Amino acid sequence: MEPLRTSDPSRLASHRLLGRLGAGGMGVVYLARSAGGALVALKVIQAEYAEDAGFRERFRREAETARRMTSPWVASLVDADPEAAAPWLATVFVPGPSLGEAVAAHGSLPVRSVRVLGARLAQALSDLHAVGLVHRDVKPGNVLLALDGPRLIDFGVARDLQDTALTSTGVVVGTPGFLAPEQAQGGREVGPAGDVFSLGCVLAHAATGRPPFGTGSLDALLYRTVHDTPDLEGVPQELAEVVRGCLEKDPRQRPTAEALSQALADTEPADPREILRAVRPSARQDQEPADEDWLPEPLIRLIAERSAAGLGLPAVDDTEVASESADTTAADDADAQPSGRAVGRRRLLVLTGGAVTVAAGGGLAAWAALSGDGKGNGSTAAPTAKGPVHTIGLHADLSGDHRAVGRAQERGLRLAVDEFNSRGDRPFTLAVRTVDDGGVPARAPAVAKRLVTDPSVLAVIGPTTDDTALASLATYDTAALPLIAVSPGATVLGVTGSRSFLHARVTDTILPFYLRAYLHGTAKSHTIGIVDDRAADAYGWEISSALSRMLHQDRQPVVPKVVSALRRDFGPTLDALLEGGADSVVFAGYHDRAALLARELTHRHFAGARAAAQGVLDTRFLSAAGEAADGWVVVAPVMDASVAPEAKAFAAAYRRRFDAEPQRYAVEAYDVARLIVQTLSSPSAGRVTRQNLATALRGASYKGITKNFAFDKKTGSLVIDGRGVYLWKVDGGRFRYQGAAPFQVST
Amino acid sequence: MKSNTRVVRGSWVALVVAGSLLAGCSAQGADGGSARRTGSPTHTAAPPSGGSSATPAFRPDADLVPRTSKDGQDLVDSVVFAPGDWGRGFVAQDPAESTPGTWAVLDDNCRWERPKLPRGVLAGLSRYSRLPAGGGKGAVKVTASATVHSSVLGADDQLSTTLEEPLRCPEQQTRADERITGLNSLGTPFGAREQDYADDSVLEAGQYVGKGGNAQPYLWMVARLGTVVAAVSVTGGKGHPQEELQGLGSTALGQMLVRVRQRLKGK
């Protein structure tokens, strides 16, 4: 890192600039500290680009998209201001060396490292592509290495389209040797397949130490990229075919990033983040599989040195430190133990054999810098632990279709655990262990098994979806390990006879009470139309059948329609609803097909209210339905903690901790974590065993931020008191929080 | 599929019958086994869609799929259970069969009628049988039926309509003095809840209230293979346990589906 120049500002927006990370055609990238204390890479765009209205508009749009995207392997966007005189954007700072530096210093990577690298970078690209972003400059210099995996930096946003293409004057600004043929030929805008080609080059380079189209003059490189077969000699056989597929000249022949990620991940070892996140008794370390670290030892050391260098950086302004240390978490350990102060700002990296143990004696911000993504923060590690260490597991979808929900739950849990661990008088210390099933039911039992076989895990929050919950219920039940579901809504979860399950939300069959109250009350609907989408199987059916039954019992008119999963045209359905006299619509299905119905309703100028349950509370509904999403109301067991008055303190702590707005389902998981903590702390738990805790939890009552928790002792289902369900309304292309949903039509 | 396989598994039938809902039990709690769910690995791109657009249970020989009313009629004639197929002691009701060229429709007043087949439906047949009362047990009434559509979409719509019926009419009038009440139902596409025998299926359970006013358990089981929809109903008399009636219906439907497969594969 270079020091700041005299021409550089010392602050920008609420950031304190610490140094220069680099400069390019578009502007300067600074290392900076945000107001919350997190280290960020701050890219400031040169004024001449900012004057271009087209550029600013694209910047704004892409920053908006990037803000919604989260990927564990992309240095995510923290903040951006496209409207500023000099527009800027801040991404999470990753202290590690780039892949280019690592290969230059230590040569090619072993095959397993390349495979892990490839799977995760492909996942990163897949996440980018899924929201419509194209990176356009995938190269070793844009891949940073962290202890838990790679991070792709400098994605699509704020790069001029011409930046990596052949310009009219024949100058290539990007990185020849890693460009796709269609990029090298210039003219056309590069699509997702161009990124896949570049990734193929990156992997070949990592595996052999040489770029697959060689080095040399610009013209020769471009020519070879377009015409020659790549040089893959030395690429291990098991990777060669996959890499060759990426390097097809015809973009259509290349795999998608998602397919590539699947192909590489098939034999990928377990997420090495586990080892950083989990606090394990030291006696068990020798049982760790030796392959959990994904990089060879010298590179781990290199990363560690880089991370340690970040420690010498100035902290946030003193006044901010003072106000923060009163209520941040692990930092307080140092206050509680005077001798701990000495190591307060220093991080201890203990390299033991193949396994890596990180002892965080420092503050959260420093720890966040080490883990690079600001979210892989373990709770305080063993050396500062007080009393026994109990682990709360999180079984979640952290990488699949519902990853936004899973990750939010992880953050809610971590915040609660950190707060608990910051208490000087705590009788025990809490740790967090996460497992990721990717939202795939077939994987759920195996990842559940990992928590079940870890004896320090006393309770588990999750899984994220109905299907993964159903698939893993038996595994938890057999081990009598308390499993507390925050987001799944299937009623059947409570009727399978599991002894250790607790349902921390009302089931989907309860939501129709709120739907009816909204439609008959607020929306003054007389005849409710119901569209049950068979593509949503049991989820849709719980809502549609419970709602129609309720309306029949009340002798209220109802027009139910069931739609085949084979149909994509909701026109005939709408005909039937209108013919039946429906003046409002409830959609019992998921966000993707809700958008089809939304468009049809708008197309027909349907004037009535539109409502749905949590399956539609997804930003993808907004993008797929466009303006037709406006006015839709969603009833969901989810609070908007960023605005709800009850969640004010939570939101403030969350912002401090993660430098981000609380995401949906974070506060719900936080509540459940606090319920576990309260139960663990109370004498009613008795000798702390899983079974005792399960019984104690079912007998517990706890007043949370989002709802009151009390359970049916026999089934573990939530005692319904009318709280815990909230209204969201789409307005101007956003879900806007409307507060608690009424349970009954007010009379 | 073995010819004597009961198509509908007991554990979740019990849930539907008990009205304790809805979303599939799978064998989880009951057997302690891990349910075999066919969430495909690529599932992550979309919401969990158990829709019947998933992998079909069965790919018929295109040349053998009925295209005309006559082909359809031949198929339903050979597939639909006659009294003797149900087992020893079963006899035909009067009437023994539905009127040719008609099918059952639940009208706007929640009354069952048999209008003419609409366009897109090639053939439909129902056969009515019964096991007379005896040995201290009440009579069991059964229906077997099959409908042949000219398109898969049309057949799939029939299952949607079947699911819609209890939403629309929780109480249905079958004849002037007979009605069905307390209906619960659940649709299960291929691959969900261990359903491995048909492209799509519907189970409905309720009570049948006859002339005397006493209620008997009633089951309606429907399954689709390609363009063919097969169904059975079972109404049990006194002394016949629920499991026996489920087994009876389930076995009959399973065997009718085997007949459909055999005809469309040309064995």
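**Figure 1. Overview of chain B in the predicted model.** Buried residues account for 49% of the 267 residues in chain B. The chain contains six helices and 10 strands. Of the contacts in chain B between residues at least 6 apart in sequence, 68% link residues that are at least 24 apart.

**Figure 2. The open sheet of chain B, formed by eight strands.** The strands follow the order E1-E4-E5-E10-E9-E8-E7-E6, and their pairing is antiparallel. Strand E1 (91-97) and strand E6 (172-175) of chain B occupy the edges; each has a single partner strand, so one side of each is left without a neighbour in the sheet. On average, neighbouring strands of this sheet are turned by 25° against each other, direction ignored.

**Figure 3. Pairing of strands E5 and E10 of chain B, and the helix packed on the sheet.** Strand E5 (residues 140-149) and strand E10 (residues 228-235) of chain B run antiparallel and are joined by eight bridges. Within this pairing, B:Ala146 lies opposite B:Ala230 in E10(B). Helix H5 (residues 152-168) of chain B packs on the sheet. The strands of chain B that H5 touches are E4 (121-131), E5, E7 (178-187), E8 (200-209), E9 (215-225) and E10. The direction of H5 makes about 35° with that of E8(B).

**Figure 4. The open sheet of chain A, formed by seven strands.** Here the strand order is E17-E16-E18-E19-E20-E23-E24, with mixed pairing. At the edges stand strand E17 (558-563) and strand E24 (734-740) of chain A; because each has a single partner strand, one side of each is left without a neighbour in the sheet. From one strand to the next, the twist averages 25°.

**Figure 5. Parallel pairing of strands E19 and E20 of chain A.** Three bridges connect strand E19 (residues 609-613) and strand E20 (residues 633-636) of chain A, which pair in the parallel sense. A:Ala611 has A:Val633 in E20(A) as its bridge partner.

**Figure 6. The crossing of helices H17 and H18 of chain A.** The axes of helix H17 (residues 444-452) and helix H18 (residues 466-478) of chain A come within 8 Å and cross at roughly 40°. H17(A) and H18(A) are therefore oblique to each other, and their crossing is right-handed. From H17(A), A:Ala444, A:Pro445, A:Ala448, A:Lys449 and A:Val452 meet A:Thr468, A:Ala471, A:Ser472, A:Thr475 and A:Tyr476 in H18(A). By class, this contact of H17(A) with H18(A) comprises six nonpolar, three polar and one charged residues.

How values were computed: Residues are numbered from 1 along each chain as its sequence is written. Chains are lettered from A and ligands numbered from 1 in the order in which they are written. This is a predicted model: local features need pLDDT of at least 70, side-chain atom pairs count only at pLDDT 80 or more; totals for chains, interfaces and linings use all residues. Axes are lines fitted to C-alpha atoms, for helices over the stretch in contact, and angles run from 0 to 180 degrees between N-to-C directions. Helices (H or I, at least four residues) and strands (E, at least two) are DSSP runs, numbered from the N terminus. Angles under 35 degrees count as roughly parallel, over 145 as roughly antiparallel, 65 to 115 as roughly perpendicular and the rest as oblique. A crossing is left-handed if the near helix is turned anticlockwise from the far one by less than a right angle, and right-handed if clockwise. Two residues are in contact if their C-beta atoms, placed from the backbone, lie within 7 Å. Ala, Val, Leu, Ile, Met, Phe, Trp, Tyr, Cys and Pro count as nonpolar, Asp, Glu, Lys and Arg as charged, and the others, Gly among them, as polar. Two strands pair if DSSP finds at least two bridges between them. A residue is buried if 20 or more other C-beta atoms lie within 10 Å of its own, exposed if 12 or fewer, and partly exposed in between; C-beta atoms are placed from the backbone.
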